[in-house]
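Work through the exercises below with the model open. Try each task before reading its solution.

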Amino acid sequence: MPPTDASRTTRPAELVRAATAARMYFLESVSKSDIATELGISRFKVARILDDAVASGLVRIEISTPRGIDTGLSARVRKAFGLREALVIDVGTGSEVQVRRALAHAAGDLVAEIVTTSDVLGVGFGRTLTILAENVSSLSRCPVVQMTGALLGVDRDENSVELVRQISARNGGRAYPMYVPQVLPDAATAQAMRQQPEVAEAYRRFPSITKAIVAVGSWTPPNSQLYDSLSEPERHDILAQGTVAEVCATLLDQRGEVVATDFTDRCISIRGEELRAIDDVVAVAGGRAKTLAVRSVLRGGLATSLVTDVPLASALLDEPPDGAVARR
């Protein structure tokens, strides 16, 4: 190994002492006071030796982040939008499926980190959340509440009921599912369905939810399972009201304001104002095409934390986040 700058300028005895102090402090976690006693010098002398070791290159500190987390971009997004947490995943040139899987694992790790036994976890719906439910581990035991009914026409094994079942099976917490469709023919039918015992029980739990995980659906351009489940006339009517994004069944315009409430009245789902009341809502979305949707959700204050990828995070920062509602 070629000599470092420190070895060229430091006398041999000083070099040995500096290397010994650095090894004890950085690798063996020995306190500065104990190092001082071992070397027969003052604690202040030890502090100066360690500072000089870093400055001279004798000690080089590297920060290695697992799972491809871009820590710099994560910090910028968190600060720009006033978020509690932001995780930006670098998947490189991965496929859409690979991106979704990477986001699911990162979101699962974040949920496992922030959820405690005193929390109540609310769960939305989305393809990424389906992967999360299949893989989340080390999740504290707590109640798990389904926040939306099931979308018809999607894979039977990929629905909000199954998400809640899988997560509660993994963490051992009590599940509050709703075995009902998310979208009903009219508001009166939806209101009657909310009175059914199991649906009413889940609805009663909405105010007690303290942590939630949701997916962001994009309507402009379309990238949403809710969008895909509706008829063409329904889509046209909702888009005509300025919809660009959806969280659960709450529809938002570009400013982050709730729109198309006549449609939401037909849905079995937590409402936007109830989402805003939750202490920590983790939103998950990836891909540059969802930039407008995610910015809308952040502006509307429907999420406090975000798990995303590099392309979407970079696009979010391209435009100043004026109007974002900080809910730390």
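**Exercise 1. Placing a residue**

In which helix is the place of A188?

Solution. Keep in mind that this is a predicted model.
- Step 1: A188 has its place in helix α9, which covers residues 187-194.
- Step 2: The relative accessible area of A188 is 57%. The cut-off for exposed is over 50%. A188 is therefore exposed.
- Step 3: Take L83 as a reference point. A188 and L83 are 105 residues apart along the chain, and 37 Å separates their C-alpha atoms.

**Exercise 2. A second pair in sequence and space**

Locate S33, classify its exposure, then give its separation from L129.

Solution.
- Step 1: S33 belongs to helix α3, residues 32-39.
- Step 2: Its relative accessible area is 37%, so S33 is partly exposed.
- Step 3: Between S33 and L129 the C-alpha to C-alpha distance is 49 Å. In sequence, S33 and L129 are 96 residues apart.

**Exercise 3. A nonpolar patch**

Which residues make the nonpolar surface patch of about 480 Å²?

Solution.
- Step 1: The patch is made by Y25, F26, L27, V54 and I61.
- Step 2: Ask which element gives the most. Helix α2, residues 12-27, does, with three residues.
- Step 3: Check one member. F26 sits in helix α2. With a relative accessible area of 34%, F26 is partly exposed. A patch residue needs over 30%.

**Exercise 4. Two packed helices**

Describe how α5 and α16 pack, and name their relative orientation.

Solution. Two packed helices are described by the angle between their axes and the distance between the axes.
- Step 1: Identify the helices. Helix α5 spans residues 71-81, and helix α16 spans residues 310-318.
- Step 2: Their angle is about 40°, and their axes are 10 Å apart.
- Step 3: Apply the cut-offs. Angles under 35 degrees count as roughly parallel, and 65 to 115 as roughly perpendicular. The pair α5 and α16 is therefore oblique.
- Step 4: Add the hand. The crossing of α5 and α16 is left-handed.

**Exercise 5. Salt bridges**

How many salt bridges does the structure hold? Analyse the pairs E96 and R100, K211 and D119, and E201 and R205.

Solution. Side chains of opposite charge can pair when their charged atoms come close.
- Step 1: The structure holds 13 salt bridges.
- Step 2: Start with E96 and R100. Their side chains form a salt bridge at 2.6 Å, N to O. Both residues lie in helix α6, residues 96-114. They are four residues apart, about one turn of the helix. E96 is exposed, at a relative accessible area of 52%. R100 is buried, at 18%.
- Step 3: Turn to K211 and D119. The closest N and O atoms of this salt bridge are 3.1 Å apart. K211 lies in strand β5, residues 211-219, while D119 lies in the loop between α6 and β2, so the pair ties together parts that are 92 residues apart in sequence. Both K211 and D119 are buried.
- Step 4: Take E201 and R205. Their salt bridge has its closest N and O atoms 3.2 Å apart. Both residues lie in helix α10, residues 197-205, four residues apart, about one turn of the helix. E201 is partly exposed, with a relative accessible area of 22%. R205 is partly exposed too, with 28%.
- Step 5: Look for shared partners. R84, D279 and D280 are joined into one network by salt bridges that share partners.

**Exercise 6. Backbone exceptions**

What kind of peptide bond joins T220 and P221? Which signs do the phi values of S138 and A260 have?

Solution. Most residues other than glycine have a negative phi, and most peptide bonds are trans.
- Step 1: The peptide bond between T220 and P221 is cis, with omega about 0°. P221 is in the loop between β5 and β6.
- Step 2: S138 is not a glycine, yet its phi is positive, about 55°. S138 is found in the loop between α7 and β3. Its relative accessible area is 67%, so S138 is exposed.
- Step 3: A260 also has a positive phi, near 50°. A260 lies in the loop between β9 and α13. Its relative accessible area is 3%, so A260 is buried.

Notes: Residues are numbered from 1 along each chain as its sequence is written. This is a predicted model: local features need pLDDT of at least 70, side-chain atom pairs count only at pLDDT 80 or more; totals for chains, interfaces and linings use all residues. Side-chain values use heavy atoms; hydrogens and water are left out. Patches are made of residues with over 30% relative accessible area and no salt bridge: like charges are joined within 9 Å, nonpolar side chains (Val, Leu, Ile, Met, Phe, Trp, Tyr) within 5 Å. Accessible areas come from the Shrake-Rupley method with a 1.4 Å probe; for residues, only the protein chains shown count as cover. A salt bridge is a side-chain nitrogen of Lys or Arg within 4 Å of a carboxyl oxygen of Asp or Glu. Buried means under 20% relative accessible area, exposed over 50%, partly exposed in between (1.4 Å probe, protein chains only). Axes are lines fitted to C-alpha atoms, for helices over the stretch in contact, and angles run from 0 to 180 degrees between N-to-C directions. Angles under 35 degrees count as roughly parallel, over 145 as roughly antiparallel, 65 to 115 as roughly perpendicular and the rest as oblique. A crossing is left-handed if the near helix is turned anticlockwise from the far one by less than a right angle, and right-handed if clockwise.
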